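This report covers charged and aromatic side chains in one chain, and how they are placed relative to the helices. The sequence and structure come first.

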Amino acid sequence: MEPASTSEQELTDAVRRGDRAAFGELVRAHQRSVFFLALRMARGDEQLARDVVQKAFLQAWTHRQSFRGDASFKTWLLRIASNLCQNELRRAWRRRELSTGGPGELPEAAQVQARAFDALASREARELLREA
């Protein structure tokens, strides 16, 4: 992971102090990357990607104090978006399985498929983060 640049470091320090204008600059700088990561993970579902982007920036602002600066703000933000996207896809998959399989726990075959899906989504997220 690469450390944050000086100007980004100044912005993230300001964001930690609650500077909304600095956060706005970081949003403008990274919103495109976050959107395209979410869009790719959502397999082209633009509405889901938009929802994930909005949640990612909201979560970044809410948890700004937890940003340590070990990696760039962009890397941290992409990880947040990746996690949110995985969670949303998992929820959608489980809703679809439950609606077709009835109430209660997923059948054993569906549980195996869910674990395989989780592993695949995690691997895809790591690859996307490496590309970013």
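In this predicted model, Glu-8 is buried yet has no salt bridge. The nearest side chain of opposite charge is that of Lys-74, at 8.4 Å, and the cut-off for a salt bridge is 4 Å between a side-chain nitrogen and a carboxyl oxygen. Glu-8 belongs to helix α1, which covers residues 6-16. What does the side chain of Glu-8 reach at 2.8 Å? The partner is the backbone nitrogen of Phe-73. Residues up to four places away in sequence not counted, Glu-8 touches Leu-26, His-30, Ser-72, Phe-73 and Lys-74. Lys-74 is thus listed among the contacts of Glu-8, although no salt bridge is formed by Glu-8.

**Phe-67 and the aromatic side chains**

Phe-73 is itself buried, with a relative accessible area of 3%. Phe-73 and Ser-72, both touched by Glu-8, also appear among the contacts of Phe-67. Phe-67 sits in the loop between α3 (46-62) and α4 (73-101). Is Phe-67 buried or exposed? Its relative accessibility is 5%, so Phe-67 counts as buried. Neighbours within four places in sequence left aside, Phe-67 is in contact with Thr-12, Arg-16, Ser-72, Phe-73 and Trp-76. Phe-67 and Val-15 are 52 residues apart in sequence, while their C-alpha atoms are 9.9 Å apart in space.

A pair of aromatic rings is described by two values, the distance of the centres and the angle of the planes. The structure holds six aromatic pairs. In one of them, the ring centres of Phe-73 and Trp-76 are 5.5 Å apart and the planes are at 50 degrees, so the pair is tilted. The tilted class takes in angles that are neither under 30 degrees (stacked) nor over 60 (edge-to-face). Phe-73 and Trp-76 are three residues apart in helix α4 and therefore separated by about one helical turn. Trp-76 has a relative accessibility of 18% and counts as buried, because the limit for that class is under 20%.

Ring pairs also link Phe-23, Phe-57 and Trp-61 into a cluster. Trp-61 has a charged neighbour too: Arg-64 lies over the face of the Trp-61 ring, 4.0 Å from the ring centre.

**Salt bridges**

Side chains of opposite charge can pair when their charged atoms come close. How many salt bridges does the structure hold? There are five, and the table gives some of them with the closest N to O distance.

| Residues | N to O distance |
|---|---|
| Arg-16 and Asp-13 | 3.2 Å |
| Lys-55 and Glu-88 | 3.0 Å |
| Glu-88 and Arg-91 | 2.8 Å |

Arg-16, already named as a contact of Phe-67, meets Asp-13 in a salt bridge. Because Arg-16 and Asp-13 are three residues apart in helix α1, about one helical turn separates them. Arg-16 is partly exposed at 22% relative accessibility, and Asp-13 is partly exposed with a relative accessible area of 27%.

Which residues are linked in a network of salt bridges? The members are Lys-55, Glu-88 and Arg-91. Glu-88 forms a salt bridge with Lys-55 and another with Arg-91. For the first of these bridges, Lys-55 and Glu-88 have their closest N and O atoms 3.0 Å apart. Lys-55 lies in helix α3 and Glu-88 in helix α4, so the pair ties together parts that are 33 residues apart in sequence. Glu-88 and Arg-91, by contrast, are three residues apart in helix α4 and therefore separated by about one helical turn. Glu-88 is buried, with a relative accessible area of 17%. Its two partners are partly exposed: Lys-55 has a relative accessible area of 38% and Arg-91 has 42%. Glu-88 is thus buried and forms salt bridges with Lys-55 and Arg-91, whereas Glu-8 is buried and has none.

**The chain as a whole**

The secondary structure comes to five helices and zero strands, running α-α-α-α-α from the N terminus on. The chain has 132 residues, of which buried residues make up 39%. Among contacts between residues at least 6 apart in sequence, 62% join residues at least 24 apart.

Definitions and conventions:
Residues are numbered from 1 along each chain as its sequence is written. This is a predicted model: local features need pLDDT of at least 70, side-chain atom pairs count only at pLDDT 80 or more; totals for chains, interfaces and linings use all residues. Side-chain values use heavy atoms; hydrogens and water are left out. Helices (H or I, at least four residues) and strands (E, at least two) are DSSP runs, numbered from the N terminus. Buried means under 20% relative accessible area, exposed over 50%, partly exposed in between (1.4 Å probe, protein chains only). Contact means heavy atoms within 4.5 Å. Rings of Phe, Tyr and Trp (its six-membered ring) pair if their centres lie within 6.5 Å; planes under 30 degrees apart count as stacked, over 60 as edge-to-face and the rest as tilted. A charge sits over a ring if NZ of Lys or CZ of Arg is within 6 Å of the ring centre and within 35 degrees of the ring normal. Lys and Arg count as positive and Asp and Glu as negative; His and the chain ends are not counted. A polar contact is a pair of N or O atoms within 3.5 Å; within protein, one must be able to donate a hydrogen and the other to accept it, and residues adjacent in sequence count only if both atoms are side-chain atoms.
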